[in-house]
Amino acid sequence: LSSLSGLTHESHKKDVEQVYLRCSEGSIEWMYPTGALIVNLRPNTSPASYKHLTVCIKPFKDSAGANIYLEKTGELKLLVRDGDRSPSKVYCFGYDQGGLFIEATPQQDISRKITGFQYELMSKGIASDLHTVSAPCRPCSDTEVLLAVCTSDFVIRGSIQDVTNEAEEQETVIHVGVNKLYRQKSKVFQLTGESGNWRGQIKTLLECGVKPGDGDFLFTGRMHFGEARLGCAPRFKDFQRMYKEAKDKGLNPCEIGPD
């Protein structure tokens, strides 16, 4: 978390401050914004890999007091307008498209304003998986499922306990009961004290129309801003079939116990 304050700049309202961030994910919090900030993302990777990176930002729900621009060679492109209250909206752009320029808007009382957002850097392939527009709800092919098992941030066998729709955010929350945990990057799925069972939540787009259903599924997906996002999710019996067929042919990309 990088936290800055504009109160130290109040007598120099046109000041522009440079901020350098080395982490691949984190957040910026600018209290009492005045003047402007240039945010330079400098991940600890080879500069040659920068062209393969995507940057995503997710403004805090109560972020206010500044406009956020994408800046390259002096040209500004508005990303987030001050006061935009689109809940949970994520803005992504190629690392080579420019940096972030955050400009405070005129305020009567800056002490009431805090501008902030989370950010993530990821490979362009992962970013396109998370933000596919063309067919976000289509079923995965056998090959895609087997690859997802090897590369996803979480892989679990589980059942759908409940589904809640969040109309304002255009998202669906799938409440999952876990029967077997193969992998998780973050502790999204945890033991619940009262029942002693593993449970967790996975989010997907509302338009996918997920409904409660019987039986077990293989849930795979990515972590994105601290939330589990659904990737491929075949019925578990279908996964067992495709895994066995690939293993018999020596074509399974990685080993995982399907039982």
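A surface patch, as the word is used here, is made of residues with over 30% relative accessible area and no salt bridge, and nonpolar side chains are joined into one when they come within 5 Å. With that in mind, look at the outside of this predicted model. Leu181, Leu191 and Trp198 form such a nonpolar patch, and together they offer about 260 Å² of accessible area. If you would like to find one of its members along the chain, Leu191 sits in strand 13, which covers residues 190–191.

Now let us step back and take in the whole protein. Its secondary structure comes to three helices and 16 strands. The accessible surface is about 14,200 Å², and carbon and sulfur atoms account for 49% of that surface. Of the 259 residues in the protein, 40% are buried. The contacts also tell us something about how the chain is arranged: among those with a separation of 6 or more, 67% are between residues 24 or more positions apart.

Next come the cysteines. A disulfide is a covalent bond between the sulfur atoms of two cysteines. How many disulfides does a search of the whole structure find? The search finds three, and we can visit them in turn.

Start with Cys56 and Cys92, which are joined by a disulfide with an S to S distance of 2.0 Å. Cys56 belongs to strand 5 (residues 53–59) and Cys92 to strand 8 (residues 91–94), so this pair ties together parts that are 36 residues apart in sequence. The link is right-handed, with 105 degrees about the S-S bond. Its two ends have different surroundings: Cys56 is buried because its relative accessibility is 0%, under the 20% limit, whereas Cys92 has a relative accessible area of 34% and is partly exposed.

Another disulfide connects Cys140 to Cys232, with an S to S distance of 2.1 Å. Here both ends are found in loops. Cys140 lies between helix 1 (124–130) and helix 2 (142–151), and Cys232 lies between strand 16 (227–230) and helix 3 (236–248), so the bond ties together parts that are 92 residues apart in sequence. This link is left-handed, with -90 degrees about the S-S bond. Cys140 is partly exposed at a relative accessible area of 29%, while Cys232, at 9%, counts as buried.

The remaining pair is Cys150 and Cys254, whose sulfur atoms are 2.1 Å apart. Which parts of the chain does this pair tie together? Cys150 is in helix 2 and Cys254 is in the segment after helix 3, so the joined parts are 104 residues apart in sequence. The link of Cys150 and Cys254 is left-handed, with -100 degrees about the S-S bond. Cys150 is partly exposed at 23% relative accessibility, and Cys254 is partly exposed too, at 22%.

From the cysteines, turn to Asn67, a residue of strand 6 (residues 66–72). Is Asn67 buried or exposed? It is buried, with a relative accessible area of 13%. A polar atom of the Asn67 side chain lies 2.6 Å from the backbone nitrogen of Asp82. Asp82 is also one of the residues in contact with Asn67 once neighbours within four places in sequence are left aside. Others in that group include Leu78, Val80 and Arg81, as well as Phe101, Ile102, Glu103 and Thr105.

Our last stop concerns the backbone. Most residues other than glycine have a negative phi. Two places in this structure are worth a look with that in mind. Gln170, which is not a glycine, has a positive phi of about 55 degrees. You will find Gln170 in the loop between strand 11 (154–166) and strand 12 (171–184), where it is partly exposed at 48% relative accessibility.

Phe225 likewise has a positive phi, near 50 degrees, and is a residue other than glycine. Phe225 is in the loop between strand 15 (217–224) and strand 16. Gln170 is partly exposed, but Phe225 counts as buried, with a relative accessibility of 9%.

Definitions and conventions: Residues numbered from 1 in each chain as written. Predicted model: local features only at pLDDT ≥ 70, side-chain atom pairs only at ≥ 80, totals over all residues. Heavy atoms only, no water. Patch = residues over 30% accessible without salt bridge, like charges linked within 9 Å, V, L, I, M, F, W, Y side chains within 5 Å. Areas by Shrake-Rupley, 256 points an atom, 1.4 Å probe, with all protein chains shown as cover. Salt bridge = Lys/Arg side-chain N within 4 Å of Asp/Glu carboxyl O. Helix = DSSP H or I, 4+ residues; strand = E, 2+ residues; numbered from the N terminus. Disulfide = S-S within 2.5 Å. Buried < 20%, exposed > 50% of the residue type's maximum accessible area, 1.4 Å probe, protein only. Polar contact = N/O pair within 3.5 Å; in protein donor to acceptor, adjacent residues only side chain to side chain. Contact = heavy atoms within 4.5 Å.
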